[in-house]
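Here are some notes to keep beside you on a first visit to this structure. They go point by point, so feel free to stop and look around after each one.

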Amino acid sequence: MTINQFSSGLESANFVLTSDPVHQAWNAIEKQKQINPNAEPSLFSEIQPENPTIIAFGTPPGSLQGQEALVLSSNLKEDNFAHFEFLCNKTNPSFSLNQAAIKLFQSQYHELLQLKEKLVENSKSKTPSLVIITGQSVGGSVATLFTLWLLQGLNLSKAKRPLCVTFGSPLVGDEHLQQCVLQFSTWKSCFLHIVSNQDPTPQLFISRNPGEYKPFGTFLLCSASGCACFEDPDIILEQLVKTNSQNQQCHYGKILGDLKCKALCSVLKSTEAERDSLQASLITQLQAIGILSQPSTEIQSLILRMKKHETKLLIQKKKNSDSDKKLNEMKVYMAFLEWYKKDSKKHKIGYYDRYRNQGNISDVNVNEYKKKLMNYWEDSVAEVENKPQIEGAHFRVRWLWAGTNYRRMVEPLHIADYYRDGGKNYKSDGKRPKQFILLEDWLTKVVKPEATPSKSKKETVGSSLNEDSCFWAHVEEARSLCKLVKNGSVEEKERAVQELKNFEADVYGSLKNYALSPEIFLEKSSFMQWWKEYKGVVEQPYSSLLLEFMKDRNYEAYREGKF
């Protein structure tokens, strides 16, 4: 194993320094300073409209001394400024932001809203431009807040992710904000913070509020010796705290130019202690950011923590690999259930009733696959439920449709187990698993019901699943109501008859919308058994839309999408 396998911090720094966006971002800041130099500086300017689009936030005049106060997001909400509440989640229902930065944001909220709407609209074009948002000092703090706000409005499954590049920016929030942002696995890669050890500004708030401010995103830490990228928040915070520069003039343009021309990876003389390739790589990174002059005991302690971080990353990569493998397994299980559904149809019985009857060895396999799928989706739904409370953040659309297909396929099997084991009322007795409830709830928030079924929906109804994954529970309860009409008291009979008529009307409404699988009309299905029982208990003469539908055998036309 070579050093290069562990030198991600140096390699990332080298990549950053030689990439265009970082230099474009700094040039935009320089141009922003030159706009109306004699006038009151604006908070932001659109320096370049496209390819890439660059928004530069300026640094207002005045000192940042004494501006370290934090304000709770819940307090902002009470003051009718709830524009960052989408970041909250169950674990972190509130967080704190730097008051100075949020006041600057509030001061030009309407202008920033117009900018956000414009960028969101542009992201929907066929060839969306990369958006770079940048700023220096407190301007970088506001750029960070704006980028978070912009991310909330983008559909990242289609739009390019914006890149926020800050230079010498103070941290913007506390540990709860950090955790809220990290809940979005793809968001932290949108933030690159460039910090020189000659710039006192980034650690300004930290020194006055130790333990309050926490970083997120990637930090490019620079010194005269070189630079390295870091992502571990604890290591970043430790290095920012140790910055002790009194230099008030830190020109990042010159720093970037000098570092771009330097060889970042110095050849180190190996010692017995440094033969570990990971340790040698970490020492190289520390040398690059100019902190090897610290006492050796502190260096060894820091290297140990960095080792732990690198090990965590390797473990996480393995977990991601295992997760992909697990997902592929779930696809295989779903494919088997599709086969089971088709095979059941050949025997003139739907897969729900076939599984409920448990008359074949393949039913045992179905039970095994059902359990594995439910365990997988229980974990997935629980993880997504804890994501920040952003509209549409509970799911990517593709993920939601996968979950919906799973729910419609597997919940009927769970219902079959419930009634086979003597259950009475699936939805009312609290036995319905939370994963199915949430998946159904999330779908209703995203997909609006169609006024009329589309042509494609009609054409594919033959292979469809029941849209209401609890349909078979309603059938089971309707069959129980038929027994109640026969044997119940007068009051029970009246109530049962009314509920049966309601169910009948719901079934016909679902058929009009092509929301039911034609499998319900198979000869041995529970639905057809209910229909026979229902006709035997309903008072005659009787007429209804469903009765006419069944009498005219319209279900044959329904199978073909021609009803």
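1. Before anything else, please keep in mind that this is a predicted model. The points below begin with a sheet, move on to the helices that pack on it, and end with some single residues.

2. A good place to begin is the open sheet of seven strands, whose order is 1-2-5-6-7-8-9 and whose pairing is mixed. Which strands stand at the edges? They are strand 1 and strand 9 (227-230), each with a single partner strand, so one side of each has no neighbour in the sheet. On average, neighbouring strands here are turned by 20° against each other, direction ignored.

3. Next, look at the hairpin made by strand 1 and strand 2, which has four residues between the two strands. Asn 51 sits in the turn and has a positive phi of about 50°. Strand 1 (residues 44-48) pairs with strand 2 in the antiparallel sense, over four bridges. To find the pairing on screen, you can use Glu 46, which stands opposite Ile 55 in strand 2.

4. On its way through the sheet, strand 2 is also joined to strand 5 (residues 131-136), this time by five bridges and with the two strands running parallel. Ile 55 is a handy marker here too, as it stands opposite Ile 133 in strand 5. From there you can step on to strand 6 (residues 163-167), which pairs with strand 5 in the parallel sense over five bridges. In that pairing, Gln 136 has Phe 167 of strand 6 as its bridge partner.

5. Is strand 2 buried or exposed? Five of the five residues in strand 2 (residues 53-57) are buried, so the strand is largely enclosed by the rest of the structure. The cover is on both faces: Thr 53, Ile 55 and Phe 57 are buried on one side, and Ile 54 and Ala 56 are buried on the other.

6. Now for the helices that meet the sheet. Helix 6 lies across strand 2, strand 5, strand 6 and strand 7 (191-196), and it runs at about 150° to strand 5. Helix 9 (residues 233-242) packs on the sheet as well, touching strand 7, strand 8 (218-222) and strand 9. The direction of helix 9 makes about 35° with that of strand 8.

7. Helix 6 has a helical neighbour too. The axes of helix 5 (residues 109-122) and helix 6 (residues 138-153) come within 10 Å and cross at roughly 45°. That angle makes helix 5 oblique to helix 6, and the crossing is right-handed. On the helix 5 side, the residues in contact include Tyr 109, Leu 112 and Leu 119, while Phe 146, Trp 149 and Leu 150 are among those on the helix 6 side. Sorted by class, this contact has nine nonpolar, two polar and one charged residues.

8. For a second helix pair, go further along the chain to helix 18 (residues 471-487) and helix 20 (residues 526-537), which pack at an angle of about 25° with their axes 9 Å apart. Helix 18 is therefore roughly parallel to helix 20, and it passes helix 20 in a left-handed crossing. Among the residues that meet are Phe 471, Trp 472 and Arg 479 in helix 18 and Trp 530, Glu 533 and Tyr 534 in helix 20. By class, the contact of helix 18 with helix 20 has 10 nonpolar, two polar and three charged residues.

9. Leu 204 deserves a short stop of its own. You will find Leu 204 in helix 8 (residues 204-208), and with a relative accessible area of 11% it is buried. Leaving out residues up to four places away in sequence, Leu 204 touches Leu 64 and Gln 65. Leu 204 also lies 9.5 Å from Ser 169, C-alpha to C-alpha, with their positions 35 residues apart in sequence.

10. Finally, here are two loop residues to check for backbone geometry. Asn 80 has a positive phi of about 65° although it is not a glycine. Asn 80 belongs to the loop between helix 3 (73-78) and strand 4 (96-98), and its relative accessibility of 70% makes it exposed. Arg 553, likewise not a glycine, has a positive phi of about 55°. Arg 553 is in the loop between helix 21 (545-551) and helix 22 (554-559), and at 45% relative accessibility it counts as partly exposed.

How values were computed:
Residues numbered from 1 in each chain as written. Predicted model: local features only at pLDDT ≥ 70, side-chain atom pairs only at ≥ 80, totals over all residues. Heavy atoms only, no water. Buried < 20%, exposed > 50% of the residue type's maximum accessible area, 1.4 Å probe, protein only. Pairing = 2+ DSSP bridges. Axes fitted to C-alpha atoms, helices over the stretch in contact; angles between N-to-C directions. Parallel < 35°, antiparallel > 145°, perpendicular 65-115°, else oblique. Left-handed = near helix turned anticlockwise from the far one by under 90°. Contact = heavy atoms within 4.5 Å. Nonpolar A, V, L, I, M, F, W, Y, C, P; charged D, E, K, R; others polar.
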